[in-house]
Amino acid sequence: MSNNLVITVILFAFILFIFIFVLLRKGRIPVKYALIWFFAILIILITSIIPNLMEHLAKLLGFELLSNMVLCLLIAVLMFVTIILTVMMAGQKKKTTLLIQELSILKSEYETEVKKHD
């Protein structure tokens, strides 16, 4: 890996770190998701500083090309993120249903109280 590419990747990781940190400070993302991004940034930094590490890992896992391993890892990460988002969406749906039910009960009780006082 050329020195220019290493510098570019390190600069990208630094900019990404600052971006995630700003989002975290503004409260736009929770800490648990920021930690995942910080972990990803750490992986990017390690692989840029020690490029042979990924090549050795690819050979150890049986991949003929490094690009095949990277693509496989990215697909696995995207599938993992999709599963997490699906679970979150299902949880939000349950919360929305519960909120609608509670609101309906409160509205019914309110209307009953208003009719009593009329």
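User: Buried means under 20% relative accessible area, exposed means over 50%, and partly exposed lies in between. Which of these words fits I44 in this predicted model?

Analyst: Happy to start there, and yes, the model is a predicted one. I44 sits in helix α2, and its relative accessible area is 23%. Buried would need a value under 20% and exposed a value over 50%. Because 23% falls between those two cut-offs, I44 is partly exposed.

User: Which residues does I44 touch, leaving aside its neighbours within four places in sequence?

Analyst: Let's look along the chain as well as in space. The C-alpha atoms of I44 and F12 are separated by 9.2 Å, although these two are 32 residues apart along the chain. F12 is one of the contacts of I44, and the full list is V9, F12 and A13.

User: A13 is on that list, so to speak, but which residues does A13 touch, not counting those up to four places away?

Analyst: A13 belongs to the largest nonpolar core, along with residues such as L16 and I41. The contact with I44 shows up from this side too. Taken together, A13 touches I41, I44 and L45.

User: Which element gives the largest share of the largest nonpolar core?

Analyst: This core has 8 residues, including I20, L23, I29 and F38. Two elements give two or more residues to the core, α1 (3–25) and α2 (31–49). The largest share is 4 residues, and the helix that supplies them is α1.

User: What about I10, is this residue buried or partly exposed?

Analyst: I10 is found in helix α1. Not counting residues up to four places away, I10 touches L45, S48 and I49. Its relative accessibility is 33%, and buried would require under 20%. Therefore I10 counts as partly exposed.

User: How many Å separate the C-alpha atoms of I10 and I100?

Analyst: Start with the sequence, where I10 and I100 are 90 residues apart along the chain. In space, the separation between their C-alpha atoms is 48 Å.

User: Moving on to the largest pocket, which element supplies the largest share of its lining?

Analyst: The pocket holds about 1200 Å³ of space, and 30 residues line it. At least two lining residues come from each of α1, α2, α3 (51–61) and α4 (66–117). The largest share is 11 residues, and the helix behind it is α4.

User: How many charged residues are in that lining?

Analyst: Let's go through the lining by class. Nonpolar residues number 26, and polar residues number 3. Among the residues nearest the centre are A40, I44, L74 and V77. The count of charged residues in the lining is 1.

User: I43 also lies nearest the pocket centre, but what is its relative accessible area?

Analyst: I43 lies in helix α2. Its C-alpha is 16 Å from that of I18, with their positions 25 residues apart in sequence. I43 is partly exposed, and its relative accessible area is 39%.

User: Where is L103, and is it buried or exposed?

Analyst: L103 has its place in helix α4. From C-alpha to C-alpha, L103 and Y33 are 31 Å apart in space, and they are 70 residues apart in sequence. The relative accessible area of L103 is 57%, which is over the 50% cut-off, so L103 in α4 is exposed.

User: One last topic: which residues form the salt bridge, and which of the pair is exposed?

Analyst: The structure holds 1 salt bridge, in which the side chains of K116 and E113 meet at 3.9 Å, N to O. Both residues lie in helix α4, 3 residues apart, or about one turn of the helix. E113 has 39% relative accessibility and so counts as partly exposed. At a relative accessible area of 60%, the exposed partner is K116.

Key: Residues are numbered from 1 along each chain as its sequence is written. This is a predicted model: local features need pLDDT of at least 70, side-chain atom pairs count only at pLDDT 80 or more; totals for chains, interfaces and linings use all residues. Side-chain values use heavy atoms; hydrogens and water are left out. A nonpolar core is a set of buried Ala, Val, Leu, Ile, Met, Phe, Trp, Tyr and Cys residues joined through side-chain atoms within 4.5 Å. Buried means under 20% relative accessible area, exposed over 50%, partly exposed in between (1.4 Å probe, protein chains only). Contact means heavy atoms within 4.5 Å. On a 1 Å grid over the protein atoms alone, a cavity is a set of points where a 1.4 Å probe fits but cannot get out, and a pocket is an open set with protein on both sides within 12 Å along at least five of seven lines; lining residues have an atom within 4 Å of a point. Grid points are joined across faces, edges and corners, and a volume is the space filled by probe spheres set on the points. Ala, Val, Leu, Ile, Met, Phe, Trp, Tyr, Cys and Pro count as nonpolar, Asp, Glu, Lys and Arg as charged, and the others, Gly among them, as polar. A salt bridge is a side-chain nitrogen of Lys or Arg within 4 Å of a carboxyl oxygen of Asp or Glu.
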